[in-house]
Amino acid sequence: MKIINHKKVFILTTVFTFVSFLALVFFNISISRKIGHFKNQTADLDQQINFITNNANDVESVKMQYDDEANKMLTLATVYDQEIDSLKIFDLLHEHEDAFSVKIIMLDVQLTDSFPPVKNYLTFTPHALEKYPIALEITGRFLDVGKYLEHLITHQLYVSSLNVYSIPGSRDVQASIGLFSYGVKKI
Amino acid sequence: MNKISSIQKAILKVFVDTPLSASDIAKQIDFPQDKIYYHIKKLEAQKKIYVADTEIINGITKKKFLPMENEIESVLPPPKTMPENQAKALKNDDADELKEQKQKDHQLDDSSSDIVSQVSTPSPQGPQAGTDSNVESSLIENLMKHSKGSPTPLYNQSISTDEEIEREIEEITINDETYLVPKGGLDYEELEYRVKAAKKKSGEAMTIGENNIVKEHLLRTRANIVDEEIAETEEETEEETEAAPQEKKLKKKRKTLFFHTQWLNLYRVLNGYSKTVTFVHHGNKVAFLHATVKPKGFRIHHKQTYTLPYSSGEKNYNTLTELISYVLSERFKTSQRKRLYVAIYSSEYNFEIDFMKVPKLKAKELHNYILMKISKEFVVKPDNLIVNWKLSRASDKKDAMQNAICFITDKEPMVRDTDILSNQGIPLRYTTSIVKLQYDQFFYNHGEETDGNALLLYIGEAFSRITLVSDWKIIESRKTPLGLDDFIDLYLKLQQNEAEINFETAREHILNNPIFEEGNTLLETVYDKLIAEIELTLSHFKRKKLIISENVFISGIASIIPGMIERISTSLELTIKRMNIPKSMDKKQNEGLEEYYDNIGLLLDPKDQLNLLPYRHRQNFKFFFPTKLMEIVLAGILVVFAAVVSVQYNAFISIKGPVAEKEYLVKSALMERDTFFKFFAEAEALKALARAQEQDKFAAEKTVYFLKMLSKTIPENVKIYSLELTGEQDAVLNGEIMYNGSNPDLELNNLSNALKDNKYIMDAQLLSSNNKTESLFTFEMILHL
């Protein structure tokens, strides 16, 4: 049986002690870093929570605001449930033609929305307000044309451009009118 | 085997008997001094040379070297090759030179000069021929070391080679071996010198054991003629003792023991002194003690005295190692044996003590220095020695030398026994001289009662020891070959007629009965010899101006003879106290422990100082304490590690929990925020659409209003050709104005002013005008709305 080599044991113990010490230091540092990281994360989360919570108080009011806007939108124009409903514009334009002593010589209604693409931002609103450009040429007395146009405003047909020319040899004028018609359409 | 270069061989050849420095060597072999150090270091590392002396010059230690004994042999030519006449001449030269030196330095008396002429067989090589065989055989060299009556300095019993002188030799035959011993007196210096210079007639190397045999013989011779000397020494010492008390008072500084109870125990535990087993071997008696070291002393588990040869069953155990092996295997399991602290003392190991002054050297250099010095003093091969020493600093710090107490023993029996036990898994930890055991008992058990000065008497089985302790240091120790065995031997002779009495019963009787009261006058003669030896030793101490303390302690088996201590006290006129075991031991354990005091002595020094086990064995156990300490540090680190892990883990958990909770909160808050932005975006989009429609309506109303206003504003004489609304802000108006005799510019101004009066028209600028007829002109205007 061999006697224990205490020198060897001492060296091994010393090495093991040193390694253990290093491991302790390393472990401590890594844990401390993790704890520091978590503390930062917690502080960051607290900040986020505070920020979000402050805004969260307005969610209800935003919802109410949205509801108001949505309801209001339905009142801004005629609701066209179907495409054919838009043809009512023709009727409307011709309806008062005689009453205002003007004659429609050309009417072009484009049923494409000419609003900027705002409705693309609507994700859940069922209806959207659309604007349809209408090209209209009428003849009649200058004052009648003006009255006719004033009348169209009440029916949510708004003048966007106007060129008036006197017709040579006549007291009438010919007006090329750009109009906008509106409709609330289901998306 | 290490090869040496030609330079190194040349270096070895330059040595005679005087230590040489590196510069001396370089000069002698005509070699560059700066390069010689390399070769010297090589030779030193190969143990070819050693540092034999030092000299401090301007604070720098200058080392001087001498070759090791065996190197002298290998380098110098063999003795027979030297021409006889040359050898004679050398002998005569050396003898004359030494004689002169002796006369000059030591002022020898006339008789010494006569002795020089009586040299019988001088070595042909002279003092420089120090080969191993020649070191042993060159008796003249050894005999020339000392002169009779030369003063020996304190601490330095060694004989300087500078003080060599020739001596007459006498032949002494002991146990069929003839020794050549220089003739001389029997006082201590002389006796020491004669023993150290003794040689075997056969020319073989001496051992420390054989030195002891010669010493014992000379001491016994002296004991027979001691009565006359006592009378002489008493007269001499009377005057000297008067000065002693004054010096004693100066030494009254009480030294506190460095290690106390708990700390001492801790230190012992760290050094492996927990479960201990000790064997003390005197003659044929082996005292075995199994004890555990406790904070307040010892707990004895077993004690037994064995007699060698010891029989158990059919087996006989003849030697100490066999007995140790048997006892340990009987009492302990193999796994337990590894953890035991095993210490032994055996009177067969021939321990010697030497006090010397040594230079301040590194441990390795000092080892070689001491080894060589002792081997020269005792005329023993250095390879056959085990030495250990303890240094005590010189009082003067500038002193280049320091005091050393050296313990010496023969290597062969020690290595043999250690190896035998090691092979059986028994790790020997400690063995030392009885002087150290007695000193430890004094230091640890009686130290606090004294001021560090004491006279320690040891009366053992075969010999006695008188040791002087001054300021906690052993400064002198003398051995005398009288002990219990002498009493027993004489008692056996007296009781020859009684058939039943043998050595054992005689021993028992002497140890347990007041023998001095039985009127055994012959026993008184042994006692008287013993007292005479002690008195002679004390007078020797006094002659050396050593202070003999009033603290006198006695131990050893013979000291337990009833009435012995009181009798010695009376004879020496000193108050002698018995060495006691630690006071803390309970009385039950104390009973019958007298025989085991030496065993306890082996357990007292936790540093294992002056250990005489083989060097490699001692070195191995040098790492025991740091290993244990490191284990404690490791355990501490692991505990701290566990604590830190626990704390950190708790901190980690305490943070990780809320983080998850907060993450969930953030997640739900983010969802809420998304909802907010979703509705907000939808509402804003709807608002934008409504606003756009509102803006269109406003523009249309503006246009209509503008037309209305234009129809009201334009005078009758103005006819409009066209009106173009080019944008929201501008309108271009073309028309004609009819006028009759008026200024057309005035008409245009009127028109322009009329238009500007309208709050919807910011400005009206005429772009062009043209007279069409005398009463009609056309115009073109731009209106900023």
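**A sheet, a helix and a two-chain contact**

In chain B, an open sheet of five strands has the order 9-8-7-12-16, with mixed pairing. Strands here are DSSP runs of E of at least two residues, helices are runs of H or I of at least four, and both are numbered from the N terminus. Two strands pair if DSSP finds at least two bridges between them. The model is predicted: local features need pLDDT of at least 70, side-chain atom pairs count only at pLDDT 80 or more, and totals for chains, interfaces and linings use all residues. Residues are numbered from 1 along each chain as its sequence is written, while chains are lettered from A and ligands numbered from 1 in the order in which they are written.

The edges of this sheet are strand 9 (297–307) and strand 16 (428–430) of chain B, each pairing on one side only. Neighbouring strands are turned by 30° against each other on average, direction ignored. Those angles use axes fitted as lines to C-alpha atoms. Strand 8 (residues 285–294) of chain B runs antiparallel to strand 9 of chain B, and 10 bridges join them. In strand 9, Y306(B) is the bridge partner of V286(B).

Now turn to helix 13 of chain B. It covers residues 320–331, 12 in number. From first C-alpha to last it reaches 16 Å, close to the 16 Å expected at 1.5 Å a residue; the expected span is 1.5 Å times one less than the number of residues. Buried in this helix are L320(B), T321(B), L323(B), I324(B), V327(B) and L328(B). They lie on the same side of helix 13 of chain B, because they cover an arc of only 160° around the axis. The arc is taken from the directions from the helix axis to the C-beta atoms. Buried means 20 or more other C-beta atoms within 10 Å of a residue's own, with C-beta atoms placed from the backbone.

Next comes chain A. Its secondary structure comes to four helices and five strands. From the N terminus on, they run α-α-β-α-β-β-α-β-β. Of its 187 residues, 24% count as buried.

How many residues does each chain give to the contact? Chain B gives 67 and chain A gives 68. Two residues are in contact if their C-beta atoms lie within 7 Å. On the chain B side, helix 24 (615–622), helix 25 (624–713) and strand 22 (718–725) each supply at least two residues. Helix 25 of chain B brings the largest share, 53 residues.

The chains also share strand pairing. Strand 4 (residues 157–166) of chain A and strand 22 of chain B pair in the antiparallel sense over four bridges. There, L725(B) is the bridge partner of L162(A).

Technical notes: Buried ≥ 20, exposed ≤ 12 C-beta atoms within 10 Å, placed from the backbone. Axes fitted to C-alpha atoms, helices over the stretch in contact; angles between N-to-C directions.
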